[in-house]
Amino acid sequence: MTPPTPMSEPAAAAGGPAGPLRRMCWIFPDRESTRTGAMWKHYFWDMYAEVAEAMGMSWTRHSPDAVTVDGTVRGRPRVYVDDQEVTPQDTLFVTALYSLPYQSMDVFNQYALCAVLEQAGFYLPFPPQASLIGNDKLATLLFLDGSPVPPIPTIRIGSGRDVGKHLYEVALAGMTYPALVKPAGWCGGGGINLARSAEDIRGLASLAQGGDTTLVVQPYLGDGTVDHRVYVIDGKPYAVLRRTPEAGSPVANASRGGTMEFAEIPAELAEATAYFAERLPIPFFCIDFLHDGERFWFSEFEPDGVIAPDFDDPNRSVQRDITRARFAAYRDAHAKWLANGVATSTRSFAAGTGEK
C-alpha cells in the first residue's frame, strides 16, 4: 500500500498549529422525521450556521458514518468528513450522545467515533466521558453529588426479561408517591410519567421492557414545578431559561406543552455555578434545576443543551447571543488546546481540562 501524502497544511505537516478554528462539525444521528428535521432546521441548525459564518467559521451537521479515518500510517491518522480532509488544527467535533428510541442503534457508533476522534488528537468540547455522564440521569447526579443545590433523590432500575419478577422493588421501599418515572437517558421530556403507586411503576416498567429502556424513579415535586436551565459559558452563568409546565402536566419541556422565557439568573443558582464549573472544565454546558415553590433541586447536566429561541423576538436576539458566546468559547478553548500542544495527545476528562 502506498503511504498517504502529507497533510496539505504546512504547519500541520510540521507538527504545529495550522491556524485558527475554521470548522465545527456536529455529529448527530441522521434519523429525524421530515417534520422534526424541518423544525430543528428552522429553530436551530440554520441559526447555528449563520452565527458561525458571521464569526468566520462554518457549522455543519453530519451523521457518524460521514467520518472516515485512515490510520494506516503510524502516528499520522487522517480524518475525512465526507470526502474532505480535516485536521485537529482547523476542526473540532461536537459529539454528544443522543439515545431517543429511534436513535438507539447509533449510540455505540457515535460513542466509538467520539473516542476515535479523541485519540486522533481532535479537540472535543466535551469528551466521551462527559457525554456518558450527561446521558444517564443517575450518573449525572452521582458525579455531581457535591452540588450546593441538593440533587433530586433518584432510583435507577433496569427493564430486562426479568422485569416481571419485580426484583427492583427492593430499592423502592422508601419512595414517596406520586413519583416521576422517566427513561434514564432520553431528552426533551419524552417518556416521563406520573406513578401514584408501586403498581403504576410495575406497569410502566413492563412497557419499558419492550424497548429495553432503563428507568429512573424520583419523588414528584408537585404541580407547577418550574424548570430553570442555566447556560454556563467559560465557567460563568451566562443566561437562564425558565420553563413552566402546562396546567396538569408534570413536565415543563416545550414538547409537553410547557412555556419558555429567558429570565434573570437566581442568585442561588449563580453562586452554585462555581461548583459545576470546577467539576466540568468544559467551555459550554447547561445545568437544569427544578423549583418546587420553596426550594431548588439539581436535576440534570446537558453538555449539548438546547439554546431555545426567544419566540417573542423575531430576531431571536438572546438565542443568537448565547450561541455566539458558546461558539466563541469553543474557539478560545480550541486555540488554548493548540497553544498547549495537546492536539497530538489524548484528552482526559477525569483529569480536568487536559490542557497541561
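**Exercise 1. Find the residues that F327 touches, leaving out those up to four places away in sequence.**

Step 1. Apply the contact cut-off: heavy atoms within 4.5 Å.
Step 2. Read off the partners: M24, Y48, V51, A52, M55, M57 and W59.

The model is predicted: local features need pLDDT of at least 70, side-chain atom pairs count only at pLDDT 80 or more, and totals for chains, interfaces and linings use all residues. Residues are numbered from 1 along each chain as its sequence is written, and side-chain values use heavy atoms, without hydrogens and water.

**Exercise 2. Place F327 in the largest nonpolar core.**

Step 1. Define the core: buried (under 20% relative accessible area, 1.4 Å probe, protein chains only) Ala, Val, Leu, Ile, Met, Phe, Trp, Tyr and Cys residues joined through side-chain atoms within 4.5 Å.
Step 2. Size it: 57 residues. M24, Y231, F276, F289 and F327 have the most contacts inside it.
Step 3. Find the main contributor. Helix 8 (residues 317-339) gives the most, with 9 residues. Helices here are DSSP runs of H or I, at least four residues, numbered from the N terminus.
Step 4. Look beyond it. Another core of 15 residues lies apart, including I155 and L204.

**Exercise 3. Check the span of helix 8.**

Step 1. Take 1.5 Å times one less than the number of residues.
Step 2. For 23 residues this gives 33 Å.
Step 3. Compare: the end C-alpha atoms are 33 Å apart, so the two agree.
Step 4. Move just past the helix: G341 takes a positive phi of about 70 degrees.

Definitions and conventions: Buried means under 20% relative accessible area, exposed over 50%, partly exposed in between (1.4 Å probe, protein chains only). Helices (H or I, at least four residues) and strands (E, at least two) are DSSP runs, numbered from the N terminus.
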